[in-house]
Amino acid sequence: MVSNLILFQISVLLFLGGALLGLLSRNSRFSRHAIFVPSMIGSIFTIMFSIGVITGKPITWMIPNAVPFFDLEIFVDGISAFFLLIIGIVSFAVSLYSIGYSKEYQIEKRTAALGFLFNIFVLSMILVVSSNNAFFFLVFWESMSLTSFFLVIYDHDKEENLKSGMTYLVMTHLGTAFIFASFLLGYIQTGSFSFDSFRHGSAGFPLFVKNLVFIFAFIGFGTKAGMVPLHGWLPKAHPSAPSNISALMSAVMIKIGIYGIIRTIFDFSGFGVSPDFVWWGMLLIVFGSASAIVGVLYAVVERDIKRALAFSSIENIGIILVGLGLSVVFASFQLTAFAVLALVASMYHTINHAVFKGLLFMGAGSVVSATHTKNIEHLGGLVKQMPWTALLFLIGAISISGLPPFNGFVSEWFTMQSLLSSHHIPSTILQISIAFASLPFALTIGIAAATFVKLFGMTFLSKARSKHAIHIKEVSRSMILGMSILAAACVLLGVVPYLGTSLISTAFHLSSQPSSPFDSVSIQNSSGKSFANLSMPVVVIILSSVLVAIFGFIRVLGGNTKKTAYGTWDCGFGGLNERMEYTPTSLSQPIRAVFKVFFKPHNQTEKESFGENPYLLKTVKIETVVKNIFEEMLYAPMVSSFVFFFDKVRRLQTGKINAYLLYIMITLVLLLLFVRLSNNV
Amino acid sequence: MYDIATIVVGIIQVLAMLALAPLLTGIIRKTKARTQKRIGASILQPYYDLLKLVRKDEVISDQTSWIFRACPWVNFAAMATAAFFIPVFLVYTPFGLVGDLLLVVGLFALGRFFTMLAGLDVASSFGGLGSSREMMISALLEPALFLSIFVVAITYGGTNLSTMIEASSNSSFLPHPQIIFAAIGLFIIILGETGRLPFDNPATHLELTMVHETMILEYSGKSLAMMEWSQSIKQIILFTLMVNIFVPWGISSSILFSSLAVGFFMFAGKISLFGIFVAFLESSVAKWRLFRIPDLIAIAIATSMIGIVLCYL
Amino acid sequence: METMQFDVLTISGAVLLIATFGIVATRGFMDWLNAYRYQSIVLSGVTAIIGYVTGIWEIYIAAGLTLVIKSIIIPKVLTYVTRKLEIEFKLETNPYVSIRASVIISALLVALSYFLIQQIPFKSDQIVNAYLPVSMAQFFIGLFVLVNRRTVLSQVVGLLIIENGLFLFAMALTHGVSLLIEVGIFVDILVGILISSILLFRISRTFDSLDVGKLENLRDD
């Protein structure tokens with residue numbers, strides 16, 4: 001039995017080797033293999049040692065004074081190993097995918113830079129999660145940010161990509177500054193940069209410092225995770241990068257932000273059972289719900305397939321944060337069972353999102369590399385030309401929409417159950433606010449399904465809308481294989497939730513979950529009866545036996561009938577063509593109209609007519625523009641905030657009766673609230 | 001956990017749902033016809049339709065892919081699986097340990113997901129139109145549904161339907177004013193989910209008013225039969241939920257034959273009455289403009305929100 | 001018996017809330033007037049319940065007066081006075097916040113009033129417990145309707161909802177101050193409605209609009 005530490009060292013060396021090979025290799029037939037095969041093997045080793053750590057003992061490794069005054073401390077416990085496992089699985093699939101995918105880059109550019117950066121990027125993510133010292137954590141963090149920045153601007157001949165790269169660079173450093181501040185507070189209190197001393201000393205921090213540590217870490221890691229309103233960089237950077245990198249960034253890198261938040265809360269900030277910490281959880285829930293709803297609303301109106309997926313990442317981060325927040329709230333009231341439930345929900349969604357978002361980004365990458373466009377307005381009908389990609393993308397789409405029997409449903413079921421469990425919290429205000437927070441959460445799930453109906457339907461179904469989508473070929477075998485690995489994970493985690501729950505509960509040392517795969521997950525209510533049960537394997541058995549039974553029944557009842565292919569019903573006029581189809585923009589029009597307060601859509605119409613008569617039109621061009629209210633209402637005003645502020649003050653006097661009445665109402669409500677809160681019972 | 005007899009009764013419940021679903025549709029259609037001073041087709045007509053359809057040859061659009069052909073089967077399987085978790089005339093179901101109300105909702109969503117994709121697959125503007133409208137309605141119904149489930153689940157101690165209906169049959173709704181609000185919310189949602197007026201007109205063939213109908217326009221033969229049947233199964237499941245959660249009178253609490261028989265007839269009576277009520281309601285309202293539908297859903301959401309407030313006080 | 005009584009109180013309060021929502025969710029003049037009529041019928045029922053529970057007979061008179069004045073006379077008067085108004089003045093076409101959003105906001109206001117009431121001193125009194133939050137919610141919803149709507153006619157609704165809320169508030173807290181005062185208040189309302197409707201009729205004739213937003217023009221820039 002090789003020790004986990006050696007496996008860890010081997011995988012680090014393999015990634016380093018891959019990076020080196022990337023630098024040395026010339027453009028030859030095997031250069032792509034030379035780069036990505038080491039990272040594949042490295043990922044396998046990562047998976048191996050992280051499973052070893054989850055089931056066995058943690059890894060500790062220390063090089064004293066690796067850099068003068070700072071010891072390189074490596075410490076991989078269950079939590080780190082859980083995230084390392086995610087990194088390992090996704091990077092294995094992505095590496096496999098990249099062998100085929102990077103072919104198109106081989107013709108135009110040198111793959112060397114891509115290979116070098118790819119390997120270093122994955123390596124620094126592994127090291128960030130494993131390091132046990134604030135200094136090295138920040139070093140690896142920075143290396144992760146920088147390599148990903150260079151990867152975002154890999155297609156640097158496009159102006160747009162450079163711009164999004166800059167946005168990413170600025171925002172990620174803003175986040176790093178806050179993380180640094182959080183660690184610095186720990187250093188001031190304990191006099192050491194080692195995480196061990198944070199861990200042991202944090203219980204003794206004054207409450208004020210604990211809160212500050214949490215807030216700084218929350219802002220810093222939240223930026224990396226793409227939480228609203230610090231998400232500005234995400235929908236720009238992820239679509240700009242090559243698709244294999246987008247898959248890694250969306251599936252794994254933003255999870256490192258979640259890892260940071262978890263580490264800080266449960267390890268470094270002196271969190272304990274006390275009502276003092278309830279607001280941490282509520283903060284997570286509020287920002288989580290906001291991220292979820294904002295992300296999904298932008299995703300559903302988006303026409304760029306990769307940007308839609310990026311927005312949907314913001315949404316899923318929101319769902320993860322809601323689960324995490326609930327867990328913190330339950331934990332601070334010492335409702336251990338429910339805290340465990342919510343944590344499992346949140347972590348289950350973390351691994352699920354890594355799996356299906358990786359799959360979807362790779363699928364989008366296949367589509368883009370086959371059709372050379374990211375705009376789904378130009379696509380359509382790909383299911384006939386790319387059947388495998390379509391099937392795999394569909395699995396991802398069903399999973400992310402939270403539909404049974406795939407994995408998204410399981411984690412959303414857990415999250416909903418945690419929301420429902422909020423009735424155990426001994427505080428009416430919290431109960432009601434959490435119940436109301438489930439409103440945006442449920443809306444998110446509804447719109448997410450609509451988003452993926454649109455993305456899948458518009459890309460793969462019906463007729464091609466432009467020449468981009470005609471005469472294309474299915475992508476290479478390694479790409480399909482890479483996607484199938486994650487698709488298989490989607491199905492497995494959905495059909496056998498036992499895999500996920502037992503993994504999480506061993507990694508996080510939680511009280512045990514069901515003992516066999518066929519036992520149902522069960523939650524009890526206060527009178528000891530079953531509150532809810534779920535046994536996905538049995539559901540799948542029922543589903544498939546129903547399918548077989550009805551197939552036989554209909555066959556017996558109706559006999560063998562003939563199927564004839566004929567044109568779609570065209571109302572008898574003939575000549576149904578692709579210009580009469582619904583476009584993505586028109587498909588999402590009802591949702592855009594319902595949320596018009598949020599989108600502020602406006603149509604720009606340009607008409608060109610024959611001669612004088614305005615009714616005889618030669619061409620009409622209509623463009624629907626959706627405003628990004630965060631850019632316009634948050635980022636831009638921050639620049640001119642003072643002017644804005646004084647302008648607002650002046651505007652108090654509107655002359656509108658309604659406004660004056662509103663001031664009275666607001667004052668009244670605030671006063672009453674103040675009275676109510678000042679004698680809090 | 002449960003003995004064979006219970007499991008048999010559980011499966012009988014499922015089969016009863018599947019078998020009675022077209023009958024309920026027939027009753028509603030007949031009632032609507034009578035309110036419009038027509039004689040109307042026999043209440044068994046949906047069965048005749050289904051029989052006829054499964055024996056017919058199919059015409060499939062040449063634009064479509066396997067998704068279009070898989071959709072009716074996925075739909076039926078999802079709806080029939082959902083029927084397993086519903087206590088019908090027995091107060092619990094042995095499959096309560098397998099799945100709960102949230103799973104039922106999830107299975108409905110799975111069916112709808114494929115129906116929307118099938119609507120897009122045929123490459124006509126009809127399908128796109130239906131999918132587009134359905135996207136909006138289903139997305140907005142989701143939070144309303146979850147909130148009303150929230151109220152009911154907290155009041156009756158679980159999303160497990162057996163627990164829920166057992167608790168509701170053992171208690172009067174008087175001490176739970178929130179249940180009234182949940183019932184109003186759920187009723188509006190059911191109208192939306194089953195595509196009834198004022199959300200959608202199930203009897204129309206006019207593209208201005210169609211939602212569900214447009215997505216299944218291209219289906220014929222066996223596939224159409226499956227789509228129609230699964231739609232009626234969905235309808236009977238939702239009506240059963242409404243009836244059993246809010247008026248659980250007469251539901252059998254043991255698997256004795258006599259009490260099961262009483263339970264069955266009470267159930268048949270209640271659900272037909274509810275169907276007739278819905279039919280009357282449909283005859284008295286007009287289809288709402290598409291963009292007023294969110295107003296109606298907002299009322300469902302708001303009532304459930306008040307239900308939640310009352311839950312905790 | 002005690003709990004049963006409390007259940008009846010809570011449920012009647014709930015029904016009153018539903019009736020109030022009916023007013024918020026409608027925008028045509030006749031629609032909301034009908035909704036107001038139903039709400040007043042429910043209110044008089046609630047008042048009668050208070051009368052039954054407390055055993056004070058004057059309250060039954062107040063209930064009867066509510067039924068007659070609010071569900072019959074006021075709607076009649078309002079229909080009569082506004083019969084000559086153009087239909088466009090009667091329909092609230094463009095409120096500041098859309099109907100669906102205002103329904104949700106009203107639900108939040110209900111939650112808010114339950115939250116505020118949680119700490120009132122008369123916790124033991126069941127009537128207070130059941131109806132005070134409802135009356136407060138009505139008050140807030142009425143205020144919100146006033147804030148939100150543009151035409152004068154639909155602002156009258158807000159006023160009426162507030163008045164109903166205040167009536168219930170007084171009833172719940174004091175169990176009917178004194179019959180004389182009650183009657184005085186009723187007459188007051190009636191006159192208030194009469195005057196405001198005549199006034200708004202005049203406004204519409206003079207300015208050709210009932211949009212309170214137009215009053216903005218009076219501001220001195």
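# Worked exercises on a three-chain predicted model

The axes of helix H2 (residues 31-55) and helix H5 (residues 111-130), both of chain A, come within 9 Å and cross at roughly 10°. Keep in mind throughout that this is a predicted model.

**Exercise 1.** Work out whether H2(A) and H5(A) are roughly parallel or roughly antiparallel, and list the residues that make the contact.

*Solution.* Start with the general idea: two packed helices are described by the angle between their axes and the distance between the axes. Here the crossing angle is roughly 10°. Angles under 35 degrees count as roughly parallel, so H2(A) is roughly parallel to H5(A). Next, the residues. H2(A) brings A:Ser31, A:Arg32, A:Ile35, A:Ser39 and A:Thr46. From H5(A) come A:Thr111, A:Gly115, A:Phe118, A:Asn119, A:Val122 and A:Ile126. Sorted by class, the contact has four nonpolar, six polar and one charged residues.

**Exercise 2.** Find how E3(A) and E4(A) pair, and say which residues of E3(A) are on its covered face.

*Solution.* Strand E3 of chain A spans residues 521-524. With E4(A) it pairs in the antiparallel sense, over four bridges. For a specific pair, look at A:Val521, which stands opposite A:Leu534 in E4(A). The two strands form a hairpin, with five residues between them. In the turn, A:Gly528 has a positive phi of about 80°. Now the faces. In a regular strand the side chains alternate between the two faces of the sheet. In E3(A), A:Val521 and A:Ile523 make up the covered face, whereas A:Ser522 and A:Gln524 make up the uncovered one.

**Exercise 3.** Describe the side of chain B that touches chain A: which element gives the most, and how do its residues divide by class?

*Solution.* First, the head count: 73 residues of chain B are in contact with 72 residues of chain A. The elements of chain B that give two or more residues are strand E1 (58-61) and helices H3 (66-83), H4 (101-121), H5 (125-156), H9 (221-246) and H11 (293-311). H5(B) gives the most, with 19 residues. By class, this side of chain B has 43 nonpolar, 19 polar and eleven charged residues.

Strands cross the chain boundary too. Four bridges join strand E5 of chain A (residues 563-566) to E1(B), and the two run parallel. In that pairing, A:Tyr566 stands opposite B:Ser61.

**Exercise 4.** Explain why helix H6 of chain B is largely enclosed, and say what its buried residues pack against.

*Solution.* H6(B) covers residues 161-170, and nine of its ten residues are buried, so the helix is largely enclosed by the rest of the structure. The buried ones are B:Leu161, B:Ser162, B:Thr163, B:Met164, B:Ile165, B:Glu166, B:Ala167, B:Ser168 and B:Ser169. What do they pack against? Within chain B, H4, H5 and H9; from chain A, strand E4 (530-534). That is the E4(A) of the hairpin in Exercise 2.

**Exercise 5.** Do the same bookkeeping for the side of chain B that touches chain C.

*Solution.* Count contacts to begin with: 16 residues of chain B are in contact with 17 residues of chain C. Helix H7 (178-193) and H11 of chain B are the elements that give two or more residues to this side. H11(B) supplies the largest share, ten residues. The class split is 15 nonpolar, no polar and one charged. Notice that H11(B) also appears in the list for the side that touches chain A.

Turning to chain C itself, there are eight helices and zero strands. Of its 221 residues, 45% count as buried. Take contacts in chain C between residues at least 6 apart in sequence: 71% of them join residues at least 24 apart.

**Exercise 6.** Decide whether C:Thr79 and A:Phe573 are buried, partly exposed or exposed.

*Solution.* C:Thr79 is found in helix H3 (residues 58-81) of chain C. With 13 other C-beta atoms within 10 Å, C:Thr79 is partly exposed. The C-alpha atoms of C:Thr79 and C:Arg37 are 42 residues apart along the chain and separated by 12 Å.

A:Phe573 lies in the loop between E5 and helix H22 (584-587) of chain A. Only 12 or fewer neighbours count as exposed; A:Phe573 has 6 other C-beta atoms within 10 Å, so it is exposed. From A:Phe573 to A:Ala342 is 231 residues in sequence and 57 Å in space, C-alpha to C-alpha.

Terms used
Residues are numbered from 1 along each chain as its sequence is written. Chains are lettered from A and ligands numbered from 1 in the order in which they are written. This is a predicted model: local features need pLDDT of at least 70, side-chain atom pairs count only at pLDDT 80 or more; totals for chains, interfaces and linings use all residues. A residue is buried if 20 or more other C-beta atoms lie within 10 Å of its own, exposed if 12 or fewer, and partly exposed in between; C-beta atoms are placed from the backbone. Two residues are in contact if their C-beta atoms, placed from the backbone, lie within 7 Å. Ala, Val, Leu, Ile, Met, Phe, Trp, Tyr, Cys and Pro count as nonpolar, Asp, Glu, Lys and Arg as charged, and the others, Gly among them, as polar. Two strands pair if DSSP finds at least two bridges between them. Axes are lines fitted to C-alpha atoms, for helices over the stretch in contact, and angles run from 0 to 180 degrees between N-to-C directions. Angles under 35 degrees count as roughly parallel, over 145 as roughly antiparallel, 65 to 115 as roughly perpendicular and the rest as oblique.
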